[in-house]
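Okay, thanks everyone for coming. Let me put the structure up on the screen, and then I'll talk you through it.

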Amino acid sequence: MTSLDATMALPDLTTPRARLLLVLGDDELVSGHRASHWTGVAPSLEEDLAFSTIAQDEINHADVWYQVLLGEDHPDVRAGVDALGLGREPDAYLHAIVCERPPNDFAYTLARHWAYDRFDVVRLAALADSSDAAIAAVARKLLHEERYHLEHADHWFGRLADGGDDARQRLRDALARVLPEALGLFEPFDGEDTAVAEGLLPVSHADLRVRWSEIVAGMLGEAGMGDLLPAAEATTPDEASGGRRGHHSTDFTDDVWPEMTELYRAHPGARW
Amino acid sequence: MTRAAMRVDPDAVRRAVESVADPELPAVTIGMLGMVHDVEVADDGTVRVELLPTFSGCPATEMIERDVVTALHAVAGVVDVRVRFRYDPPWTPDRIDATGRERLREFGIAPPGFSPGAHPSGGPTGATRPEGRPTLPLAIGPDSDPRPCPYCGSDTTVRESNFGPTPCRDLRFCESCQQPFEAFKTF
């Protein structure tokens with residue numbers, strides 16, 4: 001099969017439902033790729049296993065969301081999923097820019113892991129009540145699985161927050177970089193109003209931000225880092241804004257995207 | 001025999017599906033794991049199988065699909081096989097039957113929801129508890145989901161990591177018989 005065939009087999013990607021599913025899938029796909037960058041180089045064997053497993057989980061969650069987008073009657077699901085995950089131009093990906101940032105040091109990775117998974121769980125909980133039966137079923141399934149990621153993220157948050165001065169300072173520095181950029185997760189995608197009105201996404205990203213903020217405020221407060229919570233009126237810094245509309249930094253366009261799509265572009269329609 | 005005369009035995013079809021082994025846990029079948037949601041045999045010899053993946057990210061699902069197709073083509077009269085994975089209802093560990101739980105335990109994997117009194121403690125290794133094992137620095141802390149050791153039955157076990165060799169298993173250690181073991185995750 002050529003890539004043209006696979007592209008032709010894709011449904012309309014501009015509907016509110018398709019855009020919602022791309023947002024869900026792309027956040028997971030890019031987060032998974034960044035998690036995989038610890039494989040072989042994590043600071044301990046346990047963390048190597050942890051981030052390798054998280055990478056596998058997140059990339060497969062993206063796969064499942066893309067399958068929902070393709071629909072049950074799609075003639076070639078594997079080709080369709082690959083075309084969605086690997087066959088789009090960079091500006092067609094709708095993940096938040098914070099997801100595409102490099103792992104940096106381990107503190108940054110853990111801070112983002114915590115901020116993102118706290119967000120992911122809040123959004124999945126909302127999606128469990130989606131008016132779309134397929135979306136609701138997958139959200140309920142993934143919610144069970146994300147519990148393991150969340151425990152891991154919370155565990156490390158607590159460990160570093162209760163650690164020595166060096167650990168606390170590294171966590172603080174990392175959160176100070178991550179949290180403002182994490183606001184990009186809560187920007188609306190084109191067509192979100194319709195998706196919310198139709199109950200596909202029962203809670204808008206803006207309202208998800210309120211729920212997320214309450215939870216992270218509590219944990220930051222307990223850790224004595226309440227000052228790091230972005231203010232309610234704060235907006236995403238320009239350099240981390242616009243992912244939901246396909247705007248991305250060179251961390252994606254020149255790094256994640258070329259790497260993850262290289263084989264697919266070199267061998268259109270490759271099967272594995 | 002002509003195709004029209006070939007009637008497919010629905011019980012044979014069901015047995016063939018349920019006896020497919022999990023590629024990553026060959027001791028258990030997908031029937032024991034409770035992954036088989038529905039099997040439907042049409043008059044024209046087409047079999048539709050609906051399976052519940054244990055873990056959405058399980059890389060074994062494609063192998064399971066292939067193995068189900070192969071197993072069904074060995075059943076007399078089956079002409080075509082359609083396999084579909086569905087997420088509703090979600091698979092949960094309580095779908096694992098008693099045989100599956102015992103096979104998992106024999107395989108060294110603590111099944112979910114396995115009560116400590118369900119098998120004799122002080123089991124096969126007969127090891128006494130050595131003193132002074134250092135605590136691994138990355139133990140995950142207080143365990144919300146304790147499991148008895150699949151080898152000796154001791155309840156003195158710790159979870160060392162949420163992440164194991166496959167997405168559906170985590171890592172444990174038995175303080176009594178000093179064996180590392182795996183546990184099937186609860187969802």
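I'll take chain A, then chain B, and finish with where they touch. One thing before we start: this is a predicted model.

So, chain A. Its secondary structure adds up to 11 helices and 0 strands. If you read from the N terminus, you just get α after α: the run is α-α-α-α-α-α-α-α-α-α-α. For its overall dimensions, picture a box of roughly 55 × 45 × 35 Å along the principal axes, filled by the C-alpha atoms of chain A.

Does that fit a globule or not? Well, a compact globule with 272 residues would have a radius of gyration near 19 Å, and chain A comes out at 18 Å, so the two agree. As for what's inside, 45% of the 272 residues of chain A count as buried. And look at the contacts between residues at least 6 apart in sequence: in chain A, 73% of those join residues at least 24 apart.

Let me zoom in on one residue here, P188(A). Where is it? P188(A) sits in the loop between α8 (165-182) and α9 (192-197) of chain A. Is P188(A) buried or exposed? It's in between: P188(A) has 16 other C-beta atoms within 10 Å, and because buried takes 20 or more and exposed takes 12 or fewer, it counts as partly exposed.

What does P188(A) touch? If we skip its neighbours within four places in sequence, P188(A) is in contact with S204(A), H205(A), A206(A) and R244(A). There's also L20(A), 168 residues away along the chain, and the C-alpha atoms of P188(A) and L20(A) are separated by 9.7 Å.

Right, on to chain B. Here we have 3 helices and 9 strands. Along the sequence the pattern goes α-β-β-β-β-α-β-α-β-β-β-β. Chain B has 187 residues, and 41% of them are buried. Taking contacts between residues at least 6 apart in sequence again, 59% of those in chain B join residues at least 24 apart.

Chain B is split into domain 1 (3-85) and domain 2 (107-184). Where those two meet, domain 1 of chain B brings 7 residues to the contact and domain 2 of chain B brings 4 residues. By class, the domain 1 side of that contact has 4 nonpolar, 2 polar and 1 charged residues.

Now find two helices in chain B, α1 (residues 10-18) and α2 (residues 61-73). They pack at an angle of about 145 degrees, and their axes are 9 Å apart. The crossing of α1(B) and α2(B) is right-handed. Which residues make the contact? From α1(B) it's V13(B), A16(B) and V17(B), and from α2(B) it's V68(B), A71(B) and L72(B). By class, that contact has 6 nonpolar residues, no polar ones and no charged ones.

Last stop: how do the two chains meet? The contact takes 21 residues from chain A and 15 residues from chain B. On the chain A side, the elements giving two or more residues are α3 (45-70) and α7 (133-161). The largest share of that side comes from α7(A), with 11 residues. And the class mix on the side of chain A that touches chain B is 7 nonpolar, 8 polar and 6 charged residues.

That's my tour, so over to you.

Terms used. Residues are numbered from 1 along each chain as its sequence is written. Chains are lettered from A and ligands numbered from 1 in the order in which they are written. This is a predicted model: local features need pLDDT of at least 70, side-chain atom pairs count only at pLDDT 80 or more; totals for chains, interfaces and linings use all residues. Helices (H or I, at least four residues) and strands (E, at least two) are DSSP runs, numbered from the N terminus. Ala, Val, Leu, Ile, Met, Phe, Trp, Tyr, Cys and Pro count as nonpolar, Asp, Glu, Lys and Arg as charged, and the others, Gly among them, as polar. Domain bounds come from an automatic or database domain assignment. The radius of gyration is taken over C-alpha atoms; the globule rule is 2.2 Å times the number of residues to the power 0.38. Axes are lines fitted to C-alpha atoms, for helices over the stretch in contact, and angles run from 0 to 180 degrees between N-to-C directions. A crossing is left-handed if the near helix is turned anticlockwise from the far one by less than a right angle, and right-handed if clockwise.
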